[in-house]
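Work through the exercises below with the coordinates open. Each task is followed by a solution in steps.

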Amino acid sequence: MCAAVASHPPIAKPQDIPRDLKLWRLSVEQYHEMARAGVLTEDDPVELLEGWLVYKVTKNPPHSAATHLVKDALEQLVPAGWHIRSQDPITLADSEPEPDVAIIQGDIRRYVERHPSASETPLVVEVSDSTLEQDRNTKMRIYAQAQIPVYWIVNLVEDCVEVYTNPSIGEGAADYNDCQIYEVEDEIPVQVNDRLFGILKVADLLP
């Protein structure tokens with residue numbers, strides 16, 4: 001029997017890459033140019049993380065459900081002058097992640113010609129199941145480096161929401177100094193730039 005043809009080549013793991021192989025990192029502008037030239041399209045399951053093109057993991061039904069629940073809940077809270085984006089890019093210094101949900105400053109039409117920047121993105125949310133390790137490490141480092149004030153991980157593995165605040169860039173890797181875990185029975189304050197937008201129940205965010 002013939003083996004099935006994969007839609008994408010297998011993803012190399014770090015231990016599979018020869019140590020003497022030199023890899024080329026992309027700038028954000030080069031990434032944008034590839035999109036403008038049609039080399040990358042919206043159908044390509046990749047995002048730019050710290051200069052590397054990284055495959056986005058296929059979402060399972062609980063992940064998709066939680067993403068919609070979080071988006072819908074936040075949309076009920078944000079006042080005029082703010083809006084919610086879901087799985088759309090934000091442009092950072094060396095990355096262009098596509099958080100599952102983000103609170104964005106300004107009207108939607110403000111971003112017709114560009115994606116929001118870190119200074120216009122006070123809160124990002126990643127929904128985590130199979131991506132939990134990446135979201136607690138790579139994504140957290142990227143968001144802290146960009147000084148995004150609040151980072152939520154909606155943790156579907158442990159049925160909780162992890163809220164990270166107070167980003168810092170020290171001598172080591174960027175990180176968040178403070179972490180609060182909200183369990184199913186808890187309520188989460190939605191704090192944006194020292195302004196309380198409202199309160200959400202954790203149970204309403206989990207599928």
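**Exercise 1. Element order**

In what order do the elements of the protein run from the N terminus on?

Solution. Keep in mind that the model is predicted. Start with the tally: the protein has four helices and ten strands. Now read along the chain from the N terminus. The elements come as α-β-β-α-β-β-β-α-α-β-β-β-β-β.

**Exercise 2. The open sheet**

Determine the strand order of the six-stranded open sheet, its edges and its twist.

Solution. Step one is the order: E3-E4-E5-E6-E7-E8, with mixed pairing. Step two is the edges. Strand E3 (82-85) and strand E8 (175-182) each pair on one side only, making them the edge strands. Step three is the twist, which averages 20° from one strand to the next.

**Exercise 3. One strand pair**

How do strands E4 and E5 run, and how many bridges join them?

Solution. Take E4 at residues 101-105 and E5 at residues 123-128. They run antiparallel, joined by three bridges. Then pick out a partner: isoleucine 103 bridges to leucine 123 in E5.

**Exercise 4. A helix on the sheet**

Which strands does helix H4 touch?

Solution. Locate H4 at residues 138-145; this helix packs on the sheet. Its contacts are with E5, strand E6 (150-155), strand E7 (160-168) and E8. Finish with direction: H4 makes about 120° with E8.

**Exercise 5. Whole-protein totals**

Describe burial, contacts and surface for the protein.

Solution. Burial: 40% of the 207 residues count as buried. Contacts: among those with a separation of 6 or more, 54% come from residues 24 or more positions apart. Surface: the accessible area is about 12,100 Å², and 52% of it belongs to carbon and sulfur atoms.

Definitions and conventions:
Residues numbered from 1 in each chain as written. Predicted model: local features only at pLDDT ≥ 70, side-chain atom pairs only at ≥ 80, totals over all residues. Heavy atoms only, no water. Pairing = 2+ DSSP bridges. Helix = DSSP H or I, 4+ residues; strand = E, 2+ residues; numbered from the N terminus. Axes fitted to C-alpha atoms, helices over the stretch in contact; angles between N-to-C directions. Contact = heavy atoms within 4.5 Å. Buried < 20%, exposed > 50% of the residue type's maximum accessible area, 1.4 Å probe, protein only. Areas by Shrake-Rupley, 256 points an atom, 1.4 Å probe, with all protein chains shown as cover.
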